[in-house]
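Thanks for coming. I have one structure to go through today, and I will keep to charged pairs, one sheet and a few loop residues.

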Amino acid sequence: MSDQKRTMKSRISSNKVLIALGVVAAAMLAMVVAIGVTKLGGDSSGGGSSDASQGGQVFEFNDVRTQMPTPMPTVRPGNPTQTPTAPQMTTNGVVPAPAPRPTTSGSVALTYKPGDLSEKENGISLSTGLLITLMAQSDRRVDYADGERSDLGFEQDPAGGTTFPDGEGWIYVMDFDRGNDRGGVGALTFNAEGAVTNYQMLLEDTNENRNGDSTPWGTYLSCENVDGDGSIFEVDPKGEVRASRTLLGSAAGRASWSGVAYDDRRSNSPVFYASADGREGASFAIRYKPSQNAINTHLFSNPAFTLLQEDASPTVEFLVLVPTPEEPRKGVFTWINDEDLGRDSSQTYFDNISNIEVYDGILYMLSEDRKELFTLDLDSEEYTSESTEMDNFEGDPFSVKHVLQHNGRRRQRRSLMQRLLHAGHPHGSIRDIPSDLPLLYFAEGNDDKAGIYARNEDGQYVTILEDQRERGDIAALAFSPNLKNMYFALKGSGEVFMVEREDGHGFDSAALEMSFIS
């Protein structure tokens, strides 16, 4: 053995001895400290201990006190949530493969594989790890959890929807896209176990209702998609207050409304957005701000329901895009009170908007004609656009829904240039969500195929499910408040389905693996 190797071996042995002595010393010190704490504080099992002393930071979420979980390992190498250790080099200089994606969350094994359409039920191809249940069908009475049935048959052409908390359960409110004064808004009420307990109509005798959204005070806004003559109605999810037309749907003139959303990051001054999908210059998007006087009068409580009906001086502005000459899919935007310029900009750059969504300061718009997704940063007033045509996803999205919309949860803040998502709701809790998990969902429909697809922050798309029976557009996409149930409807057959993960996790939790659309 060479002198160099003997020296190296001696150093290694010495280091091992030092490390062992250090471990022993640390253990003895810990015992001394523990004994001292016991003497000073008494029995640790006594009733005087605080939440903080029981092993973690305590935070409030949905009125439930719980402990902040240990952050999950990130699932995307190169964007860790924890500081990585230095990679170990092998003798040939190759860095070992990154750690595999987690296979459990908490103590429950993950089974969900978005994009791996291995399951089929009710004529629906499902990603591995999903379960599907038929909840209602047009012209049939709805089955209740107690064995009873609804007095009314379920309405035809369900077309838009969202959910509202209701005690331990929730209410799934949806539009019905029928003409000749046969449209309206209905609601399915669910208990804590996700079973239906009631079905009722909340609004009737309207036309072609679709793509509604909630308000900050817990009512529902429903859009009439009638050529040049539609209104936006405000509806009580429980049916206790009579529905009525809003100024939001008339301040810019009645139109073929295709979507509505709001930004409530500043809780005392919410901002509303609405889109119209008419053609020949009738397409536009507006920003609606209630006047401060109206806000001071109503204060989002009795009678908050009238804030969008009783306002003498709201501000209504039209969206204008200004593309960058060198990069036409990027640019800036502004809101102006010139209706003609707003309509011209829409006809030139974003005509026929099929739906809009707002989440964390980002406004998403879908252009059905152009097959584009527009992403507008409401703070920096910069935007980007991208094609929605790729492989299975043929680019005809009917509606868009963010999993975390109005849920009170948000990711860690990332800049628009990093991943397009901006600041979150100041009242929401920050949680670690896998960076590559798709959270922006699209319901697509065309003559050949309908499906639900999702996009992550990196612009990658994944197929969640597809209808194999050509039963019309997929619509009324929504998630339960606990994010464990996804709802959608097939317009042609009038069927409403509930989808949940086999592993019991929510749709904001990690997936076992994902197969993205190339």
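**Salt bridges, a sheet and some loops**

Let me start with aspartate 379, which is partly exposed at a relative accessible area of 35%. Before I go on, please keep in mind that this is a predicted model.

Aspartate 379 makes a salt bridge to arginine 265, with 2.8 Å between the closest N and O atoms. The two residues come from distant parts of the chain, 114 residues apart. Aspartate 379 sits in the loop between β25 (372-377) and β26 (382-387), and arginine 265 is in the loop between β18 (257-263) and β19 (271-277). Is arginine 265 buried or exposed? Arginine 265 has 11% relative accessibility, and the limit for buried is under 20%, so arginine 265 counts as buried. The aspartate of this pair, at 35%, is partly exposed.

The loop between β25 and β26 also holds glutamate 381. Its phi is near 60°, a positive value in a residue that is not glycine. Glutamate 381 is partly exposed, at 30% relative accessibility.

Next, a second pair. Lysine 371 and glutamate 389 form a salt bridge, the closest N and O atoms being 3.7 Å apart. Lysine 371 lies in the loop between β24 (362-367) and β25, and glutamate 389 in the loop between β26 and β27 (397-402), so this pair ties together parts 18 residues apart in sequence. Lysine 371 is partly exposed, with a relative accessible area of 21%. Glutamate 389 is partly exposed too, at 46% relative accessibility.

A third pair is arginine 501 with aspartate 503, where the closest N and O atoms are 3.0 Å apart. Which class do these two residues fall into, buried or exposed? Both arginine 501 and aspartate 503 are buried.

There is also a network of salt bridges, which links Asp177, Arg210 and Lys491. How many salt bridges are there by this rule? The count comes to 18.

Now the sheet. It is open, has four strands in the order β10-β11-β12-β13, and its pairing is antiparallel. Why is one side of β10 and of β13 left without a neighbour in the sheet? β10 (158-166) and β13 (196-206) stand at the edges and each has a single partner strand, so one side of each has no neighbour there. From one strand to the next, the twist averages 15°.

Within that sheet, β10 pairs with β11 (residues 169-176) in the antiparallel sense, over eight bridges. Phenylalanine 164 stands opposite isoleucine 171, a residue of β11.

After β11, there is a loop residue to look at. Asparagine 180 is found between β11 and β12 (183-190). The phi of asparagine 180 is near 55°, again a positive value in a residue other than glycine. Asparagine 180 has a relative accessible area of 69%, which is over the 50% limit, so it is exposed.

The last residue on my list is serine 291. It lies in the loop between β20 (283-289) and α2 (292-298). Serine 291 is buried, with a relative accessible area of 10%. What is serine 291 in contact with, leaving aside its neighbours within four places in sequence? On that basis, serine 291 is in contact with Asp311, Ser313 and Pro314.

That is the end of my list.

Methods: Residues are numbered from 1 along each chain as its sequence is written. This is a predicted model: local features need pLDDT of at least 70, side-chain atom pairs count only at pLDDT 80 or more; totals for chains, interfaces and linings use all residues. Side-chain values use heavy atoms; hydrogens and water are left out. A salt bridge is a side-chain nitrogen of Lys or Arg within 4 Å of a carboxyl oxygen of Asp or Glu. Buried means under 20% relative accessible area, exposed over 50%, partly exposed in between (1.4 Å probe, protein chains only). Two strands pair if DSSP finds at least two bridges between them. Axes are lines fitted to C-alpha atoms, for helices over the stretch in contact, and angles run from 0 to 180 degrees between N-to-C directions. Contact means heavy atoms within 4.5 Å.
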